[in-house]
Amino acid sequence: MDQLSDLVLFFHQAGIAGAKEALLNRFEKTFSNGYELYTRGVLLEIEGMAGLIMAAEKVGQLPEHERADYEDRWRVDDFQEMNKSVDVYAELAKAAETNPAIKNYLDLILSAEPREKYRRSKTIPYTVAEIEELIDEAGRFPRFWASHISGMTQADIEQVARNFLSEKDGNRKYKYLPFFYQTKFPFDYGFLLKLASGRNVKKNRRIMHAVNALSHFKGDDIRALALKRFASEKTPWDYLKLLINNYQAGDAKNLLEIIQRSDNVHHIHDLVAGIVDVFDANPDKECKAPLEAMYYNMNCAIHRRNVIDLLNRNGVLSEEIVEELAYDTDEDLRKLSRSIKRSRSKMKS
């Protein structure tokens, strides 16, 4: 729906008759049974403040328990930033005086903190006691935030590692593993390697978390484990990150072979993040073949940007792809195409 809306917006901006009416008619169906959410960003592009009022009324008419899914204060703040001549919140408040639905929407977005406040707030590091609490409270594996770990002292990280190694309860012990994906395990990686070498990672998430923790280390035995799994599993995406610190010349051929054995876009998508991380950490002109194979066989715009960036940074982005990017669904990639063409044109002249 985002792509369709963007296309029709371009038609409207190019003066195509009926494009605006098509956009507004589709917006009227938003939230009706069987219809996907119409992108509110396009509505702001074509109608400005009036478009925001229209979107606010639609969201405000929803039942209260559904309304929270459409909290988009960031969108309103961005619109205010681009339209400094309008007091956006004052206009919403004025409309809310006579329209209960718009008041509902205004109350909703005002209940969220401004994005700027989140940016400026200081992140407080975890304490060892808080790590223990998170492990106790988690049903399976807790989620640890890197931003809260980055401020921890080395002494505290080492204490968490000691608690992990000394823990006797098996179920509780493995809950520490995601912590050591966000920060490097401070002692010998032998125990992590033993866990990561287990079989059937798809059914045993502790193996996956052990592999993640092991990815911070460099070692011949870690590389050997990665190559063994590459050979034995059709889509060994879980183990790709082990090459981040263990990549060697010629590994691009191994990665290309893994991509070529994948037979649908879902398998390809499972692989792309790991392969991008490997080449991001290990610049290599041999990345061309595997990254082009990813580009031509996946349909994810977000990861396509990563692939194009790596090809470009390594100096192996083909003219054919640059030409095609001019018609990409992703606006940033279309801009990148124009930028690369200008740069290459200057070099030729």
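Start by selecting Glu323: this residue is partly exposed, with a relative accessible area of 41%. Keep in mind as you click around that what you have open is a predicted model.

**Stop 1: from Glu323 to Lys341**

With Glu323 still highlighted, add Lys341. The two side chains meet in a salt bridge, 3.4 Å from N to O. Glu323 belongs to helix α22 (residues 319–325) and Lys341 to helix α23 (residues 331–348), so the bridge ties together parts that lie 18 residues apart in sequence. Lys341 counts as partly exposed as well, at 33% relative accessibility.

**Stop 2: along α23**

Stay on helix α23 and pick Glu331 and Lys335. Here is another salt bridge between side chains, at 3.7 Å from N to O. This one stays inside the helix: the partners are 4 residues apart in α23, so about one helical turn separates them. Color by accessibility if you like; Glu331 comes out partly exposed at 44%, and Lys335 is partly exposed at 40%. For a shared arrangement, select Glu132, Asp136, Glu167 and Arg172, which are joined into one network by salt bridges that share partners.

**Stop 3: Arg313 and Asp280**

Next, select Arg313 and Asp280, whose side chains form a salt bridge of 2.8 Å, N to O. This pair links distant parts of the chain, with Arg313 in helix α21 (residues 301–313), Asp280 in helix α19, and the two positions 33 residues apart. Is Arg313 buried or exposed? Its relative accessibility is 51%, and the cut-off for exposed is over 50%, so Arg313 counts as exposed. Asp280, at a relative accessible area of 41%, is partly exposed. If you want to hunt for others, the salt bridges come to 21.

**Stop 4: α18 against α19**

Asp280 has brought you to α19, so show helix α19 (residues 265–281) together with helix α18 (residues 251–261). Their axes are 11 Å apart and the helices pack at an angle of about 170 degrees. How do α18 and α19 run relative to each other, parallel or antiparallel? Angles over 145 degrees count as roughly antiparallel, and α18 and α19 are therefore roughly antiparallel. Turn on side chains to see who meets whom: Ala252, Leu255, Ile258 and Ile259 on the α18 side touch Ile268, Leu271, Ile275, Val278 and Phe279 on the α19 side.

**Stop 5: a nonpolar patch**

Switch to a surface view and select Leu4, Leu7, Phe10, Phe11 and Ile16. Together they make a nonpolar surface patch of about 480 Å². Phe10 sits in helix α1 (residues 2–13) and is partly exposed, with a relative accessible area of 36%.

**Stop 6: across to Gly190**

From Phe11, draw a distance to Gly190. The C-alpha atoms are 60 Å apart, for residues that are 179 positions apart along the chain. Gly190 is in helix α15 (residues 190–196) and is partly exposed, at 32% relative accessible area.

**Last stop: zoom out**

Now show the whole protein as a cartoon. You'll see 23 helices and 0 strands, in a C-alpha trace that spans about 65 × 60 × 40 Å along its principal axes. Of the 349 residues, 43% are buried. Among contacts with a separation of 6 or more, 63% come from residues 24 or more positions apart. Put the surface back on and you are looking at about 19,500 Å² of accessible area, 50% of which belongs to carbon and sulfur atoms.

Definitions and conventions:
Residues numbered from 1 in each chain as written. Predicted model: local features only at pLDDT ≥ 70, side-chain atom pairs only at ≥ 80, totals over all residues. Heavy atoms only, no water. Patch = residues over 30% accessible without salt bridge, like charges linked within 9 Å, V, L, I, M, F, W, Y side chains within 5 Å. Areas by Shrake-Rupley, 256 points an atom, 1.4 Å probe, with all protein chains shown as cover. Salt bridge = Lys/Arg side-chain N within 4 Å of Asp/Glu carboxyl O. Buried < 20%, exposed > 50% of the residue type's maximum accessible area, 1.4 Å probe, protein only. Axes fitted to C-alpha atoms, helices over the stretch in contact; angles between N-to-C directions. Parallel < 35°, antiparallel > 145°, perpendicular 65-115°, else oblique. Contact = heavy atoms within 4.5 Å.
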